[in-house]
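User: I should like to discuss the structure shown below. Please reason through each answer before giving the value or name requested.

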Amino acid sequence: MRIAPLLALAALAACSHNTIPGTNVRDDPHYKEAMEARDANALISLAAPGYFDKGDPARPGDAHDLEGLRKSVPRDFKGVRALKLDIDIRNLKIEGDRAQVDFFGVMRYAVAVPNGEKWFTESDDQRMKFVKVYGDWKISSGM
(Lines give C-alpha, C1' and ligand atoms only; values in the text may rest on other atoms or scores of the structure.)
Protein backbone atom coordinates (compact mmCIF):
# COMPACT_ATOMS: atom_id res chain seq x y z
CA MET A 1 0.00 0.00 0.00
CA ARG A 2 1.32 3.44 -0.74
CA ILE A 3 0.06 6.91 -0.15
CA ALA A 4 -2.13 6.93 -3.19
CA PRO A 5 -2.12 10.55 -3.89
CA LEU A 6 -4.76 12.09 -2.12
CA LEU A 7 -7.54 14.33 -2.54
CA ALA A 8 -9.73 14.31 -5.34
CA LEU A 9 -10.01 17.28 -3.59
CA ALA A 10 -11.65 17.46 -6.85
CA ALA A 11 -11.13 20.19 -4.57
CA LEU A 12 -11.83 21.98 -7.53
CA ALA A 13 -15.52 21.57 -7.86
CA ALA A 14 -18.24 19.97 -5.89
CA CYS A 15 -20.73 20.26 -3.23
CA SER A 16 -19.11 21.09 0.07
CA HIS A 17 -19.42 24.48 1.74
CA ASN A 18 -15.82 24.41 2.98
CA THR A 19 -13.09 26.01 0.94
CA ILE A 20 -9.45 25.09 0.53
CA PRO A 21 -7.49 27.31 2.94
CA GLY A 22 -6.25 30.47 1.27
CA THR A 23 -8.58 30.09 -1.74
CA ASN A 24 -12.21 30.48 -2.69
CA VAL A 25 -12.20 26.96 -4.20
CA ARG A 26 -14.64 24.55 -2.62
CA ASP A 27 -13.03 21.55 -0.94
CA ASP A 28 -14.60 18.30 -2.10
CA PRO A 29 -13.96 15.40 0.30
CA HIS A 30 -14.74 12.62 -2.21
CA TYR A 31 -11.15 11.41 -2.55
CA LYS A 32 -10.53 11.35 1.22
CA GLU A 33 -13.87 9.63 1.83
CA ALA A 34 -13.25 7.03 -0.87
CA MET A 35 -9.75 6.32 0.47
CA GLU A 36 -10.91 5.99 4.08
CA ALA A 37 -13.79 3.74 2.98
CA ARG A 38 -11.34 1.74 0.86
CA ASP A 39 -13.81 2.09 -2.01
CA ALA A 40 -11.88 1.26 -5.18
CA ASN A 41 -14.83 1.97 -7.48
CA ALA A 42 -15.37 5.43 -5.98
CA LEU A 43 -11.67 6.25 -6.40
CA ILE A 44 -11.58 5.07 -10.00
CA SER A 45 -14.68 7.14 -10.77
CA LEU A 46 -12.64 10.25 -9.88
CA ALA A 47 -10.08 9.56 -12.63
CA ALA A 48 -10.23 11.20 -16.05
CA PRO A 49 -10.71 8.90 -19.07
CA GLY A 50 -7.24 9.93 -20.28
CA TYR A 51 -5.58 9.35 -16.90
CA PHE A 52 -1.84 8.81 -17.22
CA ASP A 53 0.92 8.87 -14.65
CA LYS A 54 4.63 8.17 -15.08
CA GLY A 55 4.49 6.21 -11.84
CA ASP A 56 6.95 5.71 -9.05
CA PRO A 57 10.35 4.55 -10.36
CA ALA A 58 10.69 2.41 -7.22
CA ARG A 59 7.50 0.55 -8.21
CA PRO A 60 7.83 -0.19 -11.93
CA GLY A 61 4.59 -2.22 -11.96
CA ASP A 62 2.46 0.74 -10.84
CA ALA A 63 -0.54 1.67 -12.93
CA HIS A 64 0.04 4.33 -15.53
CA ASP A 65 -3.38 4.62 -17.17
CA LEU A 66 -7.06 4.21 -16.26
CA GLU A 67 -7.10 0.50 -17.09
CA GLY A 68 -4.08 -0.01 -14.86
CA LEU A 69 -5.86 1.79 -12.02
CA ARG A 70 -8.82 -0.55 -12.38
CA LYS A 71 -6.46 -3.44 -11.68
CA SER A 72 -4.14 -1.95 -9.06
CA VAL A 73 -6.47 0.04 -6.80
CA PRO A 74 -8.56 -2.95 -5.61
CA ARG A 75 -5.32 -4.91 -5.12
CA ASP A 76 -3.85 -2.07 -3.01
CA PHE A 77 -6.80 -2.24 -0.61
CA LYS A 78 -6.66 -6.02 -0.18
CA GLY A 79 -6.04 -6.84 3.47
CA VAL A 80 -6.38 -3.20 4.61
CA ARG A 81 -8.73 -3.12 7.59
CA ALA A 82 -8.72 0.61 8.34
CA LEU A 83 -7.31 3.74 6.76
CA LYS A 84 -7.05 7.37 7.86
CA LEU A 85 -5.87 10.10 5.52
CA ASP A 86 -4.76 13.64 6.37
CA ILE A 87 -4.01 16.18 3.65
CA ASP A 88 -2.23 19.52 3.95
CA ILE A 89 -2.51 21.51 0.74
CA ARG A 90 0.66 23.45 -0.04
CA ASN A 91 -0.17 24.95 -3.43
CA LEU A 92 -3.11 25.04 -5.82
CA LYS A 93 -2.83 26.31 -9.38
CA ILE A 94 -5.82 26.51 -11.74
CA GLU A 95 -5.36 27.43 -15.39
CA GLY A 96 -8.56 27.17 -17.39
CA ASP A 97 -9.64 23.52 -17.57
CA ARG A 98 -6.47 22.24 -15.87
CA ALA A 99 -5.35 22.34 -12.26
CA GLN A 100 -2.48 21.15 -10.13
CA VAL A 101 -2.45 20.56 -6.38
CA ASP A 102 0.72 20.11 -4.33
CA PHE A 103 0.13 18.70 -0.87
CA PHE A 104 1.64 16.80 2.01
CA GLY A 105 -0.25 13.62 2.80
CA VAL A 106 -0.17 11.36 5.82
CA MET A 107 -1.83 7.97 5.54
CA ARG A 108 -2.24 5.65 8.50
CA TYR A 109 -3.52 2.18 7.75
CA ALA A 110 -4.01 -1.19 9.42
CA VAL A 111 -3.39 -4.45 7.60
CA ALA A 112 -4.46 -7.91 8.58
CA VAL A 113 -1.75 -10.08 10.14
CA PRO A 114 -2.05 -13.57 11.63
CA ASN A 115 -2.56 -12.26 15.18
CA GLY A 116 -4.87 -9.34 14.30
CA GLU A 117 -3.70 -6.19 12.61
CA LYS A 118 -0.63 -4.00 12.33
CA TRP A 119 -0.66 -0.23 11.80
CA PHE A 120 1.63 1.61 9.39
CA THR A 121 2.15 5.28 8.57
CA GLU A 122 3.32 6.75 5.28
CA SER A 123 3.82 10.41 4.51
CA ASP A 124 5.13 12.30 1.52
CA ASP A 125 4.86 15.40 -0.62
CA GLN A 126 2.55 14.70 -3.53
CA ARG A 127 1.27 16.34 -6.70
CA MET A 128 -2.08 15.61 -8.29
CA LYS A 129 -3.23 17.03 -11.62
CA PHE A 130 -6.81 17.59 -12.71
CA VAL A 131 -8.65 18.25 -15.94
CA LYS A 132 -12.26 19.22 -16.51
CA VAL A 133 -14.32 16.51 -18.18
CA TYR A 134 -17.82 17.63 -19.18
CA GLY A 135 -17.69 20.33 -16.52
CA ASP A 136 -16.46 18.09 -13.67
CA TRP A 137 -12.91 18.04 -12.33
CA LYS A 138 -11.28 14.64 -12.75
CA ILE A 139 -7.83 13.41 -11.71
CA SER A 140 -5.55 13.23 -14.75
CA SER A 141 -2.42 12.05 -12.86
CA GLY A 142 -1.11 11.50 -9.38
CA MET A 143 -3.53 8.94 -7.94
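**Two loops, a helix and a core**

Analyst: The model is a predicted one. R38 lies in the loop between α1 and α2.

User: What is the phi of R38, which is not a glycine?

Analyst: R38 comes just after α1. Although R38 is not a glycine, its phi is positive, at about 55 degrees.

User: Is R38 buried, partly exposed or exposed?

Analyst: Buried means under 20% relative accessible area and exposed means over 50%. R38 has a relative accessible area of 30%, so it is partly exposed.

User: In which loop is Y134 found, and is this residue buried or exposed?

Analyst: Y134 is a residue other than glycine with a positive phi, near 50 degrees. It is found in the loop between β3 and β4. Its relative accessibility is 84%, and the cut-off for exposed is over 50%, so Y134 counts as exposed.

User: Why do the buried residues of α1 line one face of the helix?

Analyst: The buried residues of α1, which spans residues 30–37, are Y31, A34 and M35. Seen down the axis of α1, they line one face because they fall within an arc of 100 degrees.

User: Which element gives the most to the largest nonpolar core?

Analyst: The largest nonpolar core has 28 residues, and those with the most contacts inside it include Y31 and M35. Elements giving two or more residues to this core are α1, α2, α3, β1, β2, β3 and β4. The one that gives the most, with 6 residues, is β2.

Notes:
Residues are numbered from 1 along each chain as its sequence is written. This is a predicted model: local features need pLDDT of at least 70, side-chain atom pairs count only at pLDDT 80 or more; totals for chains, interfaces and linings use all residues. Side-chain values use heavy atoms; hydrogens and water are left out. Buried means under 20% relative accessible area, exposed over 50%, partly exposed in between (1.4 Å probe, protein chains only). Helices (H or I, at least four residues) and strands (E, at least two) are DSSP runs, numbered from the N terminus. The arc is that of the directions from the helix axis to the C-beta atoms. A nonpolar core is a set of buried Ala, Val, Leu, Ile, Met, Phe, Trp, Tyr and Cys residues joined through side-chain atoms within 4.5 Å.
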